[in-house]
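New notebook page. I want to look through this one from confidence to sheet to cavities, and jot down what I find.

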Amino acid sequence: MAKNTNERKARAVPSSRIGRVGRLGALAGKIAGNVVTNGASQWIKGERPALSALLLTPKNITNIANQLATMRGAAMKLGQLISMDTGDFLPPELATILARLREDADPMPKAQLNATLNAQWGESWHDDLLYFSYAPVAAASIGQVHKVITMDGKMLAAKVQYPGVRKSISSDVDNVATLIKLTGLVPKSLDIGPLLEEAKIQLHQEADYHREASMLTRYKDAVAQHNDTELSHQFVIPSVHPQLTTDSVLAMDFIEASPLDAAMNAPQETRNRLMTSLFKLFFNEIFGFRLLQSDPNLANYRYKEDTQQWVLLDFGATREVPDDIALGYQALLQSAASGSQQDMQHAALQIGLINQEHSDAQRDLVIALGMEACEAIREDGPYDFGNSDLLPRLHDKGVALTMQHDFWHTPPVDALFIHRKLGGLYMLAKRLDTQVNMRAAAKPWLTP
């Protein structure tokens, strides 16, 4: 279980490139020292340990996880991205590290926070605010959030970016990827190159708080202007406070809400309605708004118990959905609803999920997997996510497709992010033990 942010020990964020590279160098040295020590003791006993066994000791795994979490920024975010995209196919040792990286980060010390705010708001910023809480209400990979009250009494949430994060993104990603490869934590057969390049692009976008403010406003407007007022009323989205927003500080409404787990205590009917609204929103993101909040992190969802609404947070990973991708997935959705494998194969080729170089057997297996993944859309009535074994079935068949049928194929980046978001919603639907009529949720986008 993640510690409360207030209980975490503040740790300075290394802000210079040299400092961040030095952290990784020191980590590599520490790992090498542990390898030598453990290897020598086993050789004395007459044993011949494999290098991987020496590298992946509990001590080394802990060192890697803690160091990446301390560095925050791209070092931490990269682990989160790999975890969400390919975590089910990675060794258990790496899963242990990624579990640590999915927790809240350690907050930065008060002195470093002050220096950051002085640079962004000016050294007299204290005089312009009625209240500023130095204890962060949340701390993640890119920045930490503080409660603020303005002189006119408005309560805000100020997300403050860690110093040096933006400048170090590319080098962090490259250095961490090298470290992970050297320690054997990623199978050599798994090409994470495209994922790493996309990670750099996404991280640069997430580190631009002016961009996030723009995306947040666009998304909020799209939801508010939706013709289904019942759907739009299911969500509360903060507004940007531009006077205190800079490229490294994002100021927005502070909305009182509970962590996601609070929704688990709601009545079954309420949970079903809440989850249905999220799936409807997802379909609108792809086919209507053409604007996808692509980060499936469950911390982005909060629950207002008094009004039974979702509070949506964190729009740094919001991305536009290209028209061809949206049309391709609408065709894919239609084929899944009708059960037409031929139409699904045509849509999958259009999107780039498969190509003409794949064998007939490989394509058939991919389409069968896709049809199974969409089984909820063919259900006559609510689909019981709580009692479904769909996710483990897809995992087992996905591993078999890769390992036994040599299907190593990276689909278009836009498709990857759509799959990430949908996979996150599936996990949330199971966690909340919900039943959702997926066909009804997708009805506006299906041909009768």
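**Confidence first**

I'm working with a predicted model, and its pLDDT averages 79 over the protein, with 71% of the residues scoring at least 70. Where is confidence lowest, and where is it highest? I found the lowest in helix α2 (residues 51-55), with a mean of 38. The highest is in strand β12 (residues 435-436), at 98.

I also looked up stretches where pLDDT stays under 50. Residues 1-7 are one of them, and the model gives them 14 contacts beyond four places in sequence. Residues 82-91 are another, with 21 such contacts. Where pLDDT is low, the predicted coordinates should not be read in detail, so I'm leaving the fine points of those contacts alone.

**The sheet**

Next I went to an open sheet of three strands, ordered β5-β9-β8, with mixed pairing. Which strands sit at the edges? They are β5 (235-236) and β8 (301-304), each of which pairs on one side only.

I checked how β5 meets β9 (residues 309-312): the two run parallel and are joined by two bridges. Within that pair, V236 stands opposite V311 of β9. Helix α11 (residues 268-289) packs on this sheet and touches β5, β8 and β9. I noted that the direction of α11 makes about 40° with that of β9.

**Cavities**

How many cavities of 30 Å³ or more does the structure hold? I get four.

The largest has a volume of about 80 Å³. Its lining is made up of 13 residues, and Y219, L281, Y301, L312 and K421 lie nearest the centre. I wrote down α11 and α16 (413-431) as the elements that give two or more residues to this lining. Helix α11 turns up again here, with the largest share of the lining, four residues. By class, I have nine nonpolar, two polar and two charged residues around this cavity.

The second largest cavity comes to about 50 Å³. Which residues line this one? My list reads F385, S388, L390, L391, Y426 and K430. The elements giving two or more residues to this lining are α15 (390-405) and α16. Sorted by class, the lining has four nonpolar residues, one polar and one charged.

**Loose ends**

Looking back over the page, I see two helices that I wrote down twice. Helix α11 packs on the sheet and gives four residues to the lining of the largest cavity. Helix α16 gives two or more residues to the lining of the largest cavity, and likewise to that of the second largest.

Technical notes
Residues are numbered from 1 along each chain as its sequence is written. This is a predicted model: local features need pLDDT of at least 70, side-chain atom pairs count only at pLDDT 80 or more; totals for chains, interfaces and linings use all residues. Side-chain values use heavy atoms; hydrogens and water are left out. Two strands pair if DSSP finds at least two bridges between them. Contact means heavy atoms within 4.5 Å. Axes are lines fitted to C-alpha atoms, for helices over the stretch in contact, and angles run from 0 to 180 degrees between N-to-C directions. On a 1 Å grid over the protein atoms alone, a cavity is a set of points where a 1.4 Å probe fits but cannot get out, and a pocket is an open set with protein on both sides within 12 Å along at least five of seven lines; lining residues have an atom within 4 Å of a point. Grid points are joined across faces, edges and corners, and a volume is the space filled by probe spheres set on the points. Ala, Val, Leu, Ile, Met, Phe, Trp, Tyr, Cys and Pro count as nonpolar, Asp, Glu, Lys and Arg as charged, and the others, Gly among them, as polar. pLDDT is the predictor's confidence in each residue, from 0 to 100.
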